[in-house]
Amino acid sequence: MPAVTDQQKSTRIGWWGVGIVLTATAIRIHNAFAYPLHFGFDAPANWDYIQHLLSSWRLPRPNEGWSTAHPPFFYYVSALLGRVIAGDKQTITIAVRVFSSLVGLAAAGCAVVWVRRVDPGRALRAVIAAALILFLPAHLYMSAMLGEEILSSALISIVVLGVALDLASEEGWGLSVPLVAGLGVVAGFGFLTKLTGVLVMVAACLAWAIAGWKRGAIRDAAVRILLFGSVATVIGGWPYVLNFVQYGYFYPQNLSVHEIMFTMPPGERFATDYLRFPLATFTDPQVLSPDLLHSVWGTTYTTLWYDGHRVMLPRSAPPVENTGTLLLLLGLLPTMAFAIGFTRGVKRALRDPGGADTVFVALVVLTIAGYVMFTWNNPWYATVKASYLLGAAVPFGVYSSEVLADWLTAGNALRRGVVGVLLGALLLGSASVFTVGLVFTKREGPGFEWPRVDPSRHYERVQKTSSAGAALELEP
């Protein structure tokens, strides 16, 4: 038989990529229709916010409802879509889910664009980058929900890709000034969608500042920073300024409408919560496991590669727990690949501070730092979830695929085969488990009934820290 040429291999891999994208899209559309109407993180409250905007465009007060403290872009877009289709609650909810899911595919697309830019000879790496994001359990189950996480991740992904392309140009800057302003628009909408949108704004400005210093083009960098930052701030910052003017805080926290959260365990955080990674992460992968309540990263891992909160899967049954153990063990492969790839990215950023790795590394570091700050100030199991890290989807896909592609194409055949089987099992398992109704059917409500704790410790902690800037509720 004639040998298979490199072109033929590339074509076959490309078709595999097309199949992966179509499958991931089909799963998301199916889940948009099949996932129960009121399920998902804050779904009933998010609908109340949208329903309010269906009857009035007035921006609600932060303490008017559970979700009304959130930045409003997702809710206004959802209400606009609802007014256009003029359907009932179910129709509008499904339409918003489909819209959000399709927009969410942009995160994988941005990772592919970058991989093809820096590694054009390896189609396999581009397919891996897309697959890791599209079949990441956290991305899959969040796509089925009525919430802003996936839209936020997509907008952040577009911005970080744009900045990377600007920095990667071999001659000068890669983007024109109008395109930099356009990135500011996208970043502004990201900031207007979720507070974490500010992280990519900071990462971009930091990367441009370093590049300007390194290249001796401080003036050009300053123009980019001022244009991008001002456009993004004007578009996305006004709700935060409005909150400060009207209520005395930029971002509301500890509002009375959220006081039920103060009864959630563990109720307090310790530095050791960020150092423990117990065996229960794999053997008892659910967020109320006693060993996980004081393990931020263990809990986060169970919600990245599985459904630790049981918002989509049944709460408790041996098949559910055993499946979780399997997927979480398989998830170690891309997690280790990301750690190695990220380390390579840090080294490249140190060698070439003005390069694109700087913005990727900055976004990852800022995302993790913001997550640590958030979980420290909100010490409840419900606030520990990997969906808050989805803004770093592009660096995750880029760095993980770099290492996995190496493992799949270099070394002895046995190692390549083992890596291929494990990665394939992870992607197939994730796609199967997180297709609603295919493997598991959820019959009880979403999430868990938690053992309530005394909220007085939290109130005491807030009172002690309020003078240092904790955001307390002020009645409008």
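Start by selecting A86, in the loop between α3 (73-85) and α4 (89-104). This is a predicted model, and in it A86 has a phi near 50°, a positive value in a residue other than glycine. Most residues other than glycine have a negative phi. Is A86 buried or exposed? With a relative accessibility of 63%, A86 counts as exposed, because that value is over 50%.

Next, select D42. You will find D42 in the loop between α1 (6-34) and α2 (43-55). Its phi is near 60°, again positive in a residue that is not glycine. D42 has a relative accessible area of 30%, so this residue is partly exposed.

For another backbone feature, show the bond between P265 and P266. These two prolines are joined by a cis peptide bond, with omega at about 0°. Most peptide bonds are trans. P266 belongs to the loop between α11 (218-247) and α12 (280-283).

**A helix pair**

Now colour helix α8 (residues 149-168) and helix α16 (residues 357-377). Their axes are 8 Å apart, and the helices pack at an angle of about 150°. Because that angle is over 145 degrees, α8 runs roughly antiparallel to α16. Show the side chains where the two meet: α8 brings I156, V160, V163, A164 and L167, while α16 brings V359, F360 and L363. What kinds of residue make up this contact of α8 with α16? Eight are nonpolar, with no polar and no charged residues among them. While α8 is on screen, recall that an α-helix has 3.6 residues a turn, so residues three or four places apart point the same way.

**A covered helix**

Move on to helix α6 (residues 123-134). Its 12 residues reach 17 Å from the first C-alpha to the last, close to the 16 Å expected at 1.5 Å a residue. How many of the 12 residues of α6 are buried? The count is 11, so α6 is mostly covered. Hide everything else and pick out the buried residues: A123, R125, A126, V127, I128, A129, A130, A131, L132, I133 and L134.

Keep L132 in view and add S400, a residue of helix α17 (residues 393-409). S400 has 0% relative accessibility and therefore counts as buried. Which residues does S400 touch, not counting residues up to four places away in sequence? They are L132, P334, A337, F338 and P395.

**Salt bridges**

The structure holds 14 salt bridges. Begin with R61 and E64, whose side chains meet at 3.9 Å, N to O. Both ends of this bridge are partly exposed: R61 has a relative accessible area of 36%, and E64 has one of 34%.

Go back to R125, one of the buried residues of α6, and show D119 beside it. Their side chains form a salt bridge at 3.3 Å, N to O. D119 is buried, with a relative accessible area of 16%, and R125 is buried too, with 5%.

Then select R348 and E402, where the salt bridge is 3.1 Å, N to O. R348 lies in helix α15 (residues 332-351) and E402 in helix α17, so this pair ties together parts that are 54 residues apart in sequence. The two ends sit in unlike surroundings: R348 is partly exposed, with a relative accessible area of 25%, whereas E402, at 9%, counts as buried.

Which residues are linked with these in a network of salt bridges? Select D119, R122, R125, R344, R348, D357, E402 and D406 together, and you have the network on screen.

**Last stop: D357**

From that network, centre the view on D357, which is in helix α16. Is D357 buried or exposed? Its relative accessibility is 15%, and D357 counts as buried because that is under 20%. Leaving aside its neighbours within four places in sequence, D357 is in contact with G345, R348, A349 and Y399. R348 also forms the bridge to E402, so finish by showing R348, D357 and E402 together, as members of the salt-bridge network.

Notes: Residues numbered from 1 in each chain as written. Predicted model: local features only at pLDDT ≥ 70, side-chain atom pairs only at ≥ 80, totals over all residues. Heavy atoms only, no water. Helix = DSSP H or I, 4+ residues; strand = E, 2+ residues; numbered from the N terminus. Buried < 20%, exposed > 50% of the residue type's maximum accessible area, 1.4 Å probe, protein only. Axes fitted to C-alpha atoms, helices over the stretch in contact; angles between N-to-C directions. Parallel < 35°, antiparallel > 145°, perpendicular 65-115°, else oblique. Contact = heavy atoms within 4.5 Å. Nonpolar A, V, L, I, M, F, W, Y, C, P; charged D, E, K, R; others polar. Expected span 1.5 Å × (residues − 1). Salt bridge = Lys/Arg side-chain N within 4 Å of Asp/Glu carboxyl O.
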